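Hello,

Here is the structure I promised to pass on to you. Have a look at it first, and then read my notes underneath.

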Amino acid sequence: MTAAKPAPQPGAEDLTENLRDRWSVSVFDPDHELADAEIRLLVEAARWAPSAGNSQPWSFLVLPRGSAAHSTFVPHLSRGNSGWVPRASAVFVAIAQVGVGPDGNGPKWSDYSHYDLGQAAAHLTVQAASLGLSSHQFAGFDHDAVAAAFGVPDWWKVMTGIAVGLHGDPAQADPRDAEREERERVRRPLEEIAFGDKWGTPWS
Ligand SMILES: Cc1cc2nc3c(=O)[nH]c(=O)nc-3n(C[C@H](O)[C@H](O)[C@H](O)COP(=O)(O)O)c2cc1C
């Protein structure tokens with residue numbers, strides 16, 4: 001059974017549904033599996049994101065739970081992430097192109113590759129939400145070890161993991177992970193991030 005999602009946060013009530021209801025779950029259903037077609041759709045969502053000069057400076061390691069590649073990844077998780085991440089149905093490791101390879105191929109706009117990868121990752125998570133799935137992005141893992149284990153060339157930079165799956169039952173989870181779901185979600189006020197006449201002058 002999928003656990004209830006929290007009520008929309010103040011200020012988020014009028015967002016489009018997939019954004020309004022998004023939050024980073026820490027309890028995934030460890031029995032849920034993603035179909036190959038769903039995994040493909042999630043990568044397609046990332047693939048069709050915009051990018052500077054259409055450079056598409058992104059790659060993903062696709063690691064469904066139970067696969068050999070998933071088993072290769074899991075030991076490199078940080079202690080804080082090692083409980084909840086393996087329960088997700090799949091992990092996508094997001095990798096940005098940050099340079100030009102020996103064959104001279106590379107993005108013209110690599111200054112923007114982190115921005116582009118972040119946007120592609122966001123599109124993946126929004127597509128996941130539209131499939132009724134939850135996502136939780138994370139940076140807590142040994143990036144160098146993962147790059148080495150998967151043979152990532154050094155002109156690509158391993159950035160984050162995106163855990164995707166069905167929200168699980170907190171009562172069945174490690175209390176530390178269940179407790180994380182109770183934490184208040186907070187944001188800096190709008191006046192601190194949206195400026196008008198001058199930097200620091202609130203837009204409205
Ligand atoms: C780049 C990035 C790295 C993150 N790293 C971790 C992490 O290592 N472990 C973790 O539990 N959450 C991680 N998070 C999740 C954030 O803590 C979370 O998005 C933030 O607290 C806001 O909560 P919300 O997504 O529920 O709105 C990360 C998120 C991003 C975007």
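Below is what I found, starting with the sheet and ending with the ligand.

Please keep in mind as you read that this is a predicted model.

The sheet

The fold has an open sheet of four strands, arranged in the order 1-2-4-3 with antiparallel pairing. Strand 1 (58–64) and strand 3 sit at the edges, each of them pairing on one side only. From one strand to the next, the twist averages 25°. If you want to look at one pairing in detail, try strand 1 with strand 2 (residues 90–97): these two are antiparallel and share seven bridges. Within strand 2, V91 is the residue that stands opposite L63.

The helices on the sheet

Helix 2 (residues 36–47) packs on the sheet and touches strand 1, strand 2 and strand 4 (156–165). The direction of helix 2 makes about 165° with that of strand 1. Helix 4 (residues 113–130) packs on the sheet as well, with contacts to strand 1, strand 2, strand 3 and strand 4. Here the angle is about 10°, taken between the directions of helix 4 and strand 4.

Loops and helix ends

The loop between helix 2 and strand 1 deserves a look at its backbone angles. N54 lies in that loop, and N54 has a positive phi of about 55° although it is not a glycine. Q56 is found in the loop between helix 2 and strand 1 too, and its phi is near 50°, again positive in a residue other than glycine.

Helix 5 (residues 143–150) has a cap at its N-terminal end: a side-chain oxygen of D142 lies 3.2 Å from the backbone nitrogen of D144. Just after helix 5 comes G151, with a positive phi of about 65°.

The ligand

Which residues come nearest to the ligand? Of the 14 around it, they are S24, H136, R180, R185 and R187. By type, the shell divides into four nonpolar, six polar and four charged residues. Strand 3 (residues 134–138) gives the most to this shell, contributing three residues.

Three polar contacts are worth displaying:

- R180: an N or O atom in its side chain is 2.3 Å from an oxygen atom of the ligand.
- G140: a backbone N or O atom lies 2.9 Å from an oxygen atom of the ligand.
- N81: a polar side-chain atom lies 3.0 Å from a nitrogen atom of the ligand.

How much of the ligand does the protein bury? Taken alone, the ligand exposes 620 Å², and the protein buries 59% of that.

Do write back if you would like to go through any of this together.

Best wishes

Note on methods:
Residues numbered from 1 in each chain as written. Predicted model: local features only at pLDDT ≥ 70, side-chain atom pairs only at ≥ 80, totals over all residues. Heavy atoms only, no water. Near = heavy atom within 4 Å. Polar contact = N/O pair within 3.5 Å; in protein donor to acceptor, adjacent residues only side chain to side chain. Areas by Shrake-Rupley, 256 points an atom, 1.4 Å probe, with all protein chains shown as cover. Nonpolar A, V, L, I, M, F, W, Y, C, P; charged D, E, K, R; others polar. Pairing = 2+ DSSP bridges. Axes fitted to C-alpha atoms, helices over the stretch in contact; angles between N-to-C directions. Contact = heavy atoms within 4.5 Å.
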